[in-house]
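Please look at the sequence and the 3D structure shown here. The report that follows goes through selected features of the model.

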Amino acid sequence: MINKYIPLGSAKGYSEKEKRWIYGWYWKETPYQCFETTQEIKHYIRYQNNIDWGLTKQEDYEVAADSVCYYIGIKDKNGLPLFTRDIVKVGQEELVGFINYSIRHCAYGVFTEQGIVMINDRTIIEKIGEKKNGEYISR
């Protein structure tokens, strides 16, 4: 479930067990050994649920490593929060691409077949899909 307010630095990941996207804080469990180990690294999203009397309950959900995406701090023209790897339409030409961070421009952009479109006007961005387990899924 997406909260109305999403703090910058939040993440989302797809939980195969729950069969849904989990929103919260990303962390990973790594083996204690510094050298080769057969233990695999597990990836989690910590979801914080506000309950009665101002108390909170935190739950950790294991998620697929390649499904982890980070909130970029803006929403699309329909009010949906935008995360890295989201598939979006941008501009009046409705170019389709995915959101990622551009090191060259030091900012988030939409990577399309025509090149990078820098995100500077959120009213012209529309989310149309997201990446789950290496595959792009349309909405």
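Asp-86 counts as buried, because its relative accessibility is 0% and the cut-off for buried is under 20%. The model in which this residue sits is a predicted one.

**A buried charged residue**

Where in the chain is Asp-86 placed? Asp-86 belongs to the loop between S6 and S7. Its side chain forms a salt bridge with that of Lys-127, with 3.4 Å from N to O. The loop that holds Asp-86 runs between strand S6 (81–83) and strand S7 (87–90), while Lys-127 is part of strand S11 (residues 125–132), so the pair ties together parts that are 41 residues apart in sequence. Is Lys-127 buried or exposed? Lys-127 is buried, because its relative accessible area is 7%, against a cut-off of under 20%.

The side chains of Asp-86 and Lys-127 also make a polar contact, at 3.4 Å. A further residue takes part in the salt bridges here: Lys-12, Asp-86 and Lys-127 are linked in a network.

Which residues are in contact with Asp-86, leaving aside its neighbours within four places in sequence? They are Lys-12, Pro-81, Gly-97, Phe-98, Ile-99, Lys-127, Gly-129 and Glu-130.

**Salt bridges in the whole structure**

How many salt bridges does a search of the whole structure find? The search finds seven. The table gives some of them, with the N to O distance for each pair.

| Acidic residue | Basic residue | N to O distance |
|---|---|---|
| Glu-16 | Lys-19 | 3.6 Å |
| Glu-18 | Arg-20 | 4.0 Å |
| Asp-86 | Lys-127 | 3.4 Å |

In the pair of Glu-16 and Lys-19, Glu-16 is partly exposed because its relative accessibility is 37%. Lys-19 counts as exposed, with a value of 56%, because the cut-off for exposed is over 50%.

In the pair of Glu-18 and Arg-20, Glu-18 is partly exposed at a relative accessible area of 33%. Arg-20 is also partly exposed, with 32%. In the pair of Asp-86 and Lys-127, by contrast, Asp-86 is buried and Lys-127 is buried.

**Cysteines**

How many disulfides are counted? The count is zero. Cys-69 is buried, with a relative accessibility of 1%, whereas Cys-106 is exposed, with a relative accessible area of 58%.

**Strands and hairpins**

What elements does the protein chain contain? The chain has zero helices and 12 strands. Read from the N terminus, the order of elements is β-β-β-β-β-β-β-β-β-β-β-β. In a regular strand, side chains alternate between the two faces of the sheet.

The loop of Asp-86 leads into S7. S7 pairs with strand S8 (residues 95–102) in the antiparallel sense, over four bridges. In this pairing Ile-87 stands opposite Phe-98 of S8. Phe-98 is also one of the residues in contact with Asp-86. S7 and S8 form a hairpin with four residues between the strands. In the turn of this hairpin, Gly-91 has a positive phi of about 80°.

A second hairpin joins S9 to S10 through two residues. In what sense do strand S9 (residues 107–112) and strand S10 (residues 115–118) run? The two strands run antiparallel, and four bridges join them. Gly-109 has Met-118 in S10 as its bridge partner.

**Another buried aspartate**

Asp-76 also lies in a loop, the one between strand S5 (69–75) and S6. Is Asp-76 buried or exposed? Asp-76 is buried, because its relative accessible area is 5% and the cut-off is under 20%. A polar atom of the Asp-76 side chain lies 2.9 Å from the backbone nitrogen of Asn-78.

**The chain as a whole**

What share of the 139 residues in the protein chain is buried? Buried residues make up 32%; among them are Asp-86, Lys-127, Cys-69 and Asp-76. The accessible surface of the chain is about 9500 Å², and 50% of this belongs to carbon and sulfur atoms. Of the contacts with a separation of 6 or more, 39% are between residues 24 or more positions apart. The residues of the pair described at the start, Asp-86 and Lys-127, belong to parts that are 41 residues apart in sequence.

Terms used. Residues numbered from 1 in each chain as written. Predicted model: local features only at pLDDT ≥ 70, side-chain atom pairs only at ≥ 80, totals over all residues. Heavy atoms only, no water. Buried < 20%, exposed > 50% of the residue type's maximum accessible area, 1.4 Å probe, protein only. Disulfide = S-S within 2.5 Å. Polar contact = N/O pair within 3.5 Å; in protein donor to acceptor, adjacent residues only side chain to side chain. Contact = heavy atoms within 4.5 Å. Areas by Shrake-Rupley, 256 points an atom, 1.4 Å probe, with all protein chains shown as cover. Pairing = 2+ DSSP bridges.
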